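The exercises below are meant to be worked with the sequence and the coordinates open side by side. Each begins with a task and is followed by a solution in steps.

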Protein chains: 2
Amino acid sequence: MCTVNPLLFMEHAVRKERMGLEFKIIHKDAGSAARVGLITTPRGEIATPAFMPVGTKATVKAVSPDEVWDLGYRMILANAYHLYLRPGHELVERHGGLHKFMNWPGGILTDSGGFQVFSLARLRKVTEEGVIFQSHIDGSSRLFTPELSVEVQESLGSDIIMCLDDVKGYPVEKEVAREAGERTTRWAERCLKSKKKVDPALFGIVQGSMFSDLRELSARSLTDLNLDGYAVGGLSVGEPREVMVEMIEVTLPLIPERSLRYLMGVGKPADILDGVLRGVDLFDCVLPTRNARNGMLFTSGGEKNIKNACYRDDPEPPDPACACPLCSNYSMAYLRHLFLEKEIYGLRLATIHNLSFYNHMMESVRQAMLQDRVHSFVAEFLAGMEENND
Amino acid sequence: MCTVNPLLFMEHAVRKERMGLEFKIIHKDAGSAARVGLITTPRGEIATPAFMPVGTKATVKAVSPDEVWDLGYRMILANAYHLYLRPGHELVERHGGLHKFMNWPGGILTDSGGFQVFSLARLRKVTEEGVIFQSHIDGSSRLFTPELSVEVQESLGSDIIMCLDDVKGYPVEKEVAREAGERTTRWAERCLKSKKKVDPALFGIVQGSMFSDLRELSARSLTDLNLDGYAVGGLSVGEPREVMVEMIEVTLPLIPERSLRYLMGVGKPADILDGVLRGVDLFDCVLPTRNARNGMLFTSGGEKNIKNACYRDDPEPPDPACACPLCSNYSMAYLRHLFLEKEIYGLRLATIHNLSFYNHMMESVRQAMLQDRVHSFVAEFLAGMEENND
């Protein structure tokens with residue numbers, strides 16, 4: 001039963017020629033940089049601004065691909081760093097690529113590993129060649145280069161791949177930040193050069209730490225490379241929130257209007273809506289899924305902690321305004337019972353609900369933009385969410 | 001957000017009059033005591049012999065009610081003991097009963113708590129009145145009586161409720177076993193007397209430890225009460241397997257043929273098929289669900305441990321003969337990856353698969369009986385399963 005038939009891999013050996021990613025702006029908001037767009041990939045269309053659920057290790061934690069799809073998501077994020085370490089990108093490629101491996105029919109964006117090496121790996125040493133680090137899993141020594149990052153992401157079969165970036169912590173000396181920003185651009189050039197496949201889109205990641213002029217330098221040098229899209233990276237590394245917001249404000253206008261703009265690792269509903277108004281097209285964050293597993297639910301009436309005693313006997317769904325499978329079929333009392341008993345099904349229901357909330361928010365903000373009422377929508381949405389915070 | 005509107009409970013206050021459970025034998029096997037039957041309840045029909053997945057705490061671990069239903073199950077088991085302690089049967093009743101609370105449209109059989117008090121609770125003391133024990137959750141002292149067990153199960157709204165039984169360990173002195181058996185019958189009388197609702201069926205549990213004559217006494221005195229069905233209880237308490245089989249052999253023929261026969265806590269596929277040939281109609285066991293969460297898969301080619309290194313690169317599904325969502329969409333390599341990464345989705349897929357295997361086995365053995373080939377079916381089935389055992 002343990003013998004693997006090599007012929008079974010053959011069907012995946014022939015790769016079909018595909019068209020790459022296209023991005024079209026459908027509607028621009030008159031009073032802000034916000035826009036509604038449409039990404040077209042060989043796997044279908046993705047309306048923007050879009051939030052991408054995080055499926056780090058080839059699964060969006062606690063839910064199935066079907067559930068993610070049925071909630072309306074058409075693109076998820078996975079992590080090159082994690083899948084490179086385990087189960088290995090070659091294995092995933094042998095099994096037909098990440099889409100087939102995890103049975104996800106939509107788009108996949110993979111992060112390059114730059115941020116994960118920065119935040120997870122031990123004994124990092126950045127050289128011009130790449131990053132030498134110890135695996136956070138088995139302590140083995142690894143060298144991650146821009147070329148390897150592209151190779152890993154191409155092996156996975158991602159629809160959008162990210163350039164390896166040199167991420168620094170906060171605070172950092174300006175000279176160190178300048179060097180890291182310049183290196184990030186040189187690495188982006190190497191990524192572009194080493195890219196073998198036509199179909200995946202390659203995005204650059206703007207660095208520059210918390211220095212406006214370095215952000216500008218980074219953005220200008222990256223956009224000169226004429227990449228397929230641009231991300232704002234190197235944020236949420238310990239800086240105050242207002243500094244982060246300032247860096248987003250500085251960076252976004254430097255990304256050409258026709259390009260996809262991706263704000264990495266953001267975030268809370270308010271931060272996402274703020275990003276939308278500044279013209280961001282793509283977001284990703286572990287918040288809806290991770291908070292769900294901790295019992296924190298996003299609702300139209302604010303955040304609710306399912307473990308609070310006040311929900312013990314509550315026959316209402318978490319959010320009466322929500323049509324997700326949790327809110328359609330279950331009470332707060334039942335969900336709280338599942339959480340207190342550490343029942344797996346509770347994690348799933350809470351995750352489905354939070355992902356439903358996020359996608360509904362994105363659908364609503366797109367709709368509001370098309371109807372030229374995005375500013376009043378955002379104000380009302382945020383006011384509603386402040387009603388209750390357990 | 002924390003205010004509970006008492007009016008929301010009102011819709012459940014009016015209880016409709018319902019017909020109780022009916023059991024009809026459809027086909028008898030010529031060469032054994034095996035039979036195919038049909039249970040009719042107000043919630044639909046259940047073909048027998050049937051296996052009931054265990055949903056101890058108002059959820060079948062790691063899967064949704066939809067998934068259990070879609071796999072073909074029409075009855076599950078829940079535990080009065082656990083739900084009495086948390087969240088409390090009164091709470092479940094206020095929320096419309098267990099079916100509504102957990103969103104399960106099929107039948108529910110609840111165990112009385114006798115076995116759970118025996119196996120989980122601390123400082124047990126059995127008196128004629130009932131069992132005094134310390135809750136395994138918070139150490140509080142509780143008295144569980146036959147009347148309370150029925151009250152709990154009726155509050156939950158179970159379709160089949162079990163009489164509280166006095167379970168002893170192994171080995172036990174004959175006089176102690178005799179006393180426990182006789183008490184179990186006296187408690188069954190009290191259960192019958194205290195039953196308030198018409199619709200749930202009340203089953204007695206045959207005790208008598210590992211003494212054939214005590215089993216006979218227990219069965220005869222219980223069947224004299226003309227209950228709705230009978231279970232073989234007090235097994236799997238530490239006795240050798242052959243002793244358990246002997247007790248099943250002794251007890252089953254003493255249950256009237258027209259009655260439902262339920263073999264509690266059994267078991268492995270071979271034990272279930274053995275029970276079927278001896279005329280058992282109902283089974284329950286944590287094995288398919290618990291083993292799934294430990295990475296053990298039942299397949300038509302034997303048991304497979306997904307964590308074994310030989311599956312690292314295996315592109316085959318766990319069981320090519322299986323049409324479950326796991327086997328239709330995923331490889332052993334992906335499932336193993338999920339297990340190694342402790343991803344929740346792996347527990348769900350493995351559970352779905354094992355429950356699919358069990359229900360398929362039950363469907364197949366019913367079909368084989370109807371075609372008068374149950375003995376050859378059982379022999380072939382067991383031979384297939386012995387091919388591989390990791």
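**Exercise 1. Surroundings of a loop residue**

Leaving aside its neighbours within four places in sequence, with which residues is T145(A) in contact?

Solution. The model is a predicted one, and local features are considered here where pLDDT is at least 70. Start by locating the residue: T145(A) sits in the loop that connects β9 (141-144) to α6 (146-156) of chain A. Next, look for its contacts once the neighbours within four places in sequence have been set aside, which gives E129(A) and G130(A). Then consider its exposure: a residue is buried if 20 or more other C-beta atoms lie within 10 Å of its own, and because T145(A) has 19 C-beta neighbours inside 10 Å, it counts as partly exposed. Finally, compare separation in sequence with separation in space for the pair T145(A) and R190(A), which are 45 residues apart in the chain and 9.3 Å apart from C-alpha to C-alpha.

**Exercise 2. A strand and its partners**

Determine whether the residues of strand β13 (residues 260-263) of chain A are buried or exposed on each face, and trace how the chain connects this strand to those with which it pairs.

Solution. In a regular strand the side chains alternate between the two faces of the sheet. Applied to β13(A), this places L260(A) and Y262(A) on one side and R261(A) and L263(A) on the other, and all of them are buried, so that both faces are covered.

Turning to the pairing, β13(A) is joined to strand β12 (residues 229-232) of chain A by 4 bridges in the parallel sense, and within this pair V232(A) has L263(A) as its bridge partner. The connection uses helix α9 (residues 241-251) of chain A, and β12(A), this helix and β13(A) together form a right-handed β-α-β unit. With strand β14 (residues 282-284) of chain A, β13(A) again runs parallel, here over 2 bridges, and Y262(A) stands opposite L282(A) of β14(A). The path from β13(A) to β14(A) passes through helix α10 (residues 269-277) of chain A, in a β-α-β crossover that is also right-handed.

**Exercise 3. Backbone exceptions**

Identify which peptide bond before P49(A) is cis, and examine the positive phi values of S236(A) and D372(A).

Solution. Most residues other than glycine have a negative phi, and most peptide bonds are trans. Against that background, the bond joining T48(A) to P49(A) is cis, with omega about 0 degrees, and P49(A) belongs to the loop between β3 (44-48) and β4 (50-52) of chain A. In chain B, a cis peptide bond likewise joins T48(B) and P49(B).

S236(A), although not a glycine, has a positive phi of about 55 degrees, and its position is in the loop between β12 and α9 of chain A. D372(A) has a positive phi of about 55 degrees as well, and is placed in the loop between α14 (344-370) and α15 (374-385) of chain A. As to exposure, S236(A) counts as partly exposed because it has 17 C-beta neighbours inside 10 Å, while D372(A), with 12 such neighbours, counts as exposed.

**Exercise 4. The two chains**

Describe how many residues each chain brings to the contact between chain A and chain B, and establish which operation superposes chain B on chain A.

Solution. The contact takes 40 residues from chain B and 40 residues from chain A. On the side of chain B, the elements that give two or more residues are α3 (89-94), α4 (98-102), α13 (332-340) and α14 (344-370), and of these α13(B) gives the most, with 5 residues. By class, this side of chain B divides into 22 nonpolar, 9 polar and 9 charged residues.

For the symmetry, a rotation of 180 degrees with 0.0 Å of shift along its axis superposes chain B on chain A, with an RMSD of 0.0 Å. That is the relation of a two-fold axis. The residue of chain B that comes closest to the rotation axis is I344(B), whose C-alpha is at 3.7 Å. To conclude, 100% of the interface residues of chain B are also interface residues in chain A, so the copies meet through the same surface.

Terms used
Residues are numbered from 1 along each chain as its sequence is written. Chains are lettered from A and ligands numbered from 1 in the order in which they are written. This is a predicted model: local features need pLDDT of at least 70, side-chain atom pairs count only at pLDDT 80 or more; totals for chains, interfaces and linings use all residues. Two strands pair if DSSP finds at least two bridges between them. A crossover is right-handed if, with the strands pointing away from the viewer, the path from the first strand over the helix to the second runs clockwise. Two residues are in contact if their C-beta atoms, placed from the backbone, lie within 7 Å. Ala, Val, Leu, Ile, Met, Phe, Trp, Tyr, Cys and Pro count as nonpolar, Asp, Glu, Lys and Arg as charged, and the others, Gly among them, as polar. Copies are superposed by least squares on the C-alpha atoms of residues with pLDDT of at least 70 in both.
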